[in-house]
Amino acid sequence: MSIKLAPQDIRRYNWYIWKTVICFLALFVLMLVVTYFGLFGQLPSFRAIENPKSNQASEVLAADKTVLGTYYVQNRSSVNYSQLSPNVVNALIATEDVRFYEHSGIDFQRLPGIVFFTLIGKKQGASTITQQLAKNLFSGQISHNPFVRFTQKLKEWIIAIQLERRYTKQEIVTMYLNTVDFGAYNTFGIKSAARTYFNVTPDKLSPDQAALLVGMLKGTGVYSPIRHPDRALNRRNLILGLMEGQGFLSSGQLAELRGKPLGLNFTQTTHNDGRAPYFRAVLKQEIQKIFKDQNITKSDGSAYDLDRDGLKIYTTIDATMQQYAEEAQHDYMHILQDEFNAQWKGVSRAKTIKNYKLLLDQGMFRSDRYKELQLQGKSEDEIKENFNTRDSLELFTWRGNVDTVMRPIDSIVYSKMMLRNSMMSMDPTTGYVKAWVGGTNFEHFKYDQVKLGTRQVGSTAKPFTYSVAIENGFSPCQEVDNVPVTITGYGSGPWTPKQSSSDWLQGSITLRKALGYSQNYVAAYVMNEVKPIPVMELIKKMGITSDVPPYPSICLGTFNASVYDMTGAYSVFANHGTWTEPTYILRIEDKNGNVIYTHTPKVVQAMDVQTAYVMTYMLKGVIEEGTGSRLMYKYGFHNPIGGKTGTTQDNSDGWFMGITPQLVTGVWTGCEDRDIHFRSTRLGEGANSALPIFAGFMKRVYDNPALGIKRNVDFDAPKNGVNIVMDCNAYKQQQQGTGEVDKKLGF
């Protein structure tokens, strides 16, 4: 039996319903108004909305604008709309907001559902893309309290409307894709996700790849293609269906794409990834120092944060040359390590290596394991017991990392016996650093040996002394008796350098030959003639920043210097006597493209143009007939090239400095501690431990014409000529008084 309502009752009930609806609407409007005026917390300012903040990785760019690596808290790099594949935008709109181009931030057709589900505390996906962007940028931690969450939602609606008023639809969808979190593997934003899961840029994403990434946004853990590939595949295919339903795909495309596998090319990104990790570590410290010293801050006066502020750092590093340098190191160092290991096979390290126990203790004290055990409150005895107890460890080898079981103290021995190597290459004219390899493996050995580390330079210092002699009128052809020289009047008493009998050239030899064969007696003779202070002053003018005491022994390289400083110093010879500060930063831009720092290198005329040219002739002698001759007979370099080998006492350090008119390169090889070294000069000398890496690098460079480094370019002679005789036959005749005029006169 139905109850029939009278017309007046129907009108009365309709009025109640309308009053309820009006009250809810009025309450909703009132809530929006009070939210707008900050009753539930301050809304972001207009300025904040126009300049939304998010943790954004700073990018280190090579000379060709390729990304060498990033600094980040969240591995997020932004892209603009033109760098997005239409497939990504289509997948996002089909999944999240099909009326995206029609609404103004809030989709009022879905508003009742939003209000209802939010009030009852259920998660729902009715938010527009603009609202989700507002949540990502400004909401912070999402509350589980239904009322608080509702007030957060009100803020998101207001912010969404303001975003729509200030940005185009293209800008909004781009900002959204730049801010989303893809969950694991420190992957934030579409650029990072595309690289991590498919190793492509966002503009190259295919429809199925785009659908997979967009599908992850519903639940990055649940739909992870790494941990849950079946769920990810089903979710991807669902989104492909939604794309077909919106007309973004044809039915034929849908069938084909649904049949494809996930097709992942997973590339997990860490701070160690990318080219030139040592360079990037040093670069970061340098930029922080520049910002502090020059008071470079943001417009509000706060300091820049390289891990969060999305800076772009433009460097001089040539990505291809950097690759060649790393390859040259890797190809030779594993061979050299095998030779080194063979020399120590069966030899008692404890009895043979000086300060062996001290070196192990230092290694233990500096290790992360020791510091961690200290933080756990372990005593010294407990720590030593831990280091002597077998454990699972990962070790670096030149054939890849290996997992093994051994005592941690033995792993320190292993690490100490690993050879280290570093190299830097630069354009001597501009000062631009082209390649920087600071060590053998950044994951295991983080200390940079290009700029931060200094080692004794050995015979690579000899050209500095000869340069002072040339500047004082000496000729490369001048002959000197190659006999012991004792120098007095400095320091603690007479100084007489030694010369190995195996490489001693007896008799009278020219200065060029003496430098070529690295003869200590002649170097000491020249030092005695020119005196230490002028040599020290020249070394400083050539950019060596470490301490160089004005003692005679500096002619044999008893002082320490970095690969960075030595490479810069040798560039003076190739650059007409001018030292141009080695430069690796060009400029730094903020995330909006504003230039906040530009580097201007220092330039110093360190030596006379003629002296520099004569020294290139002297250094070519090292390659043509001296200690660097294997560059010709073994590696086939017959083009104009100069260089100098260096080997320090006990073969602790091996150096090679190579100069061409277009590139100057420094290479160093040795162990972490000088007390651990090659047991023979044959293997430990710079000609064997460093020169081959230079050869491997330059061969790759020469074989790539696109780099513009030409084989047969020679060093430029001074425009005003050279008044120092370099033709040794002419010099000999001149010294004997039998020049052309004398011959014609019959003398």
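Mentor: Before we start, helices (H or I, at least four residues) and strands (E, at least two) are DSSP runs, numbered from the N terminus. This is a predicted model, where local features need pLDDT of at least 70 and side-chain atom pairs 80 or more, while totals for chains, interfaces and linings use all residues. Residues are numbered from 1 along each chain as its sequence is written, and side-chain values use heavy atoms, leaving out hydrogens and water.

Trainee: How many cavities of 30 Å³ or more does the whole structure hold?

Mentor: A cavity is a set of points on a 1 Å grid over the protein atoms alone where a 1.4 Å probe fits but cannot get out. Points join across faces, edges and corners, and the volume is the space filled by probe spheres set on them. Searching the whole structure with that 30 Å³ cut-off gives two.

Trainee: Okay, which strands each supply at least two residues to the lining of the largest cavity?

Mentor: That cavity holds about 40 Å³ of space. Its lining (residues with an atom within 4 Å of a point) has 13 residues, with Asn651, Ser652, Thr669, Gly670 and Phe678 nearest the centre. The strands giving at least two each are β17 (653–659) and β18 (664–670).

Trainee: And which element gives the second largest cavity the largest share of its lining?

Mentor: Here the volume is about 30 Å³, and the lining residues include Arg349, Lys416, Met417 and Ile676. Two helices supply at least two residues each, α15 (356–366) and α18 (408–416). The largest share, three residues, comes from α15.

Trainee: Back to β17 and β18: which strands sit at the edges of their sheet, pairing on one side only?

Mentor: Five strands make up an open, antiparallel sheet, where pairing takes at least two DSSP bridges between strands. Read the order as β7-β6-β18-β17-β16. The edge strands are therefore β7 (433–437) and β16 (642–647).

Trainee: Which residue in β17 is the bridge partner of glycine 642?

Mentor: β16 and β17 run antiparallel to each other, and six bridges join them. One partner is glycine 642, and opposite this glycine, in β17, sits isoleucine 659.

Trainee: Last one: how many of the twelve residues of α28 are buried?

Mentor: Helix α28 covers residues 691–702. Buried means under 20% relative accessible area, exposed over 50% and partly exposed in between, using a 1.4 Å probe and protein chains only. Among the buried residues are Leu691, Phe694, Phe697, Met698 and Tyr702. The helix is largely enclosed by the rest of the structure, because its buried residues number ten.

Conventions. 1 Å grid on protein atoms, 1.4 Å probe; cavity = no way out; pocket = protein on both sides within 12 Å on 5 of 7 lines; lining within 4 Å. Expected span 1.5 Å × (residues − 1).
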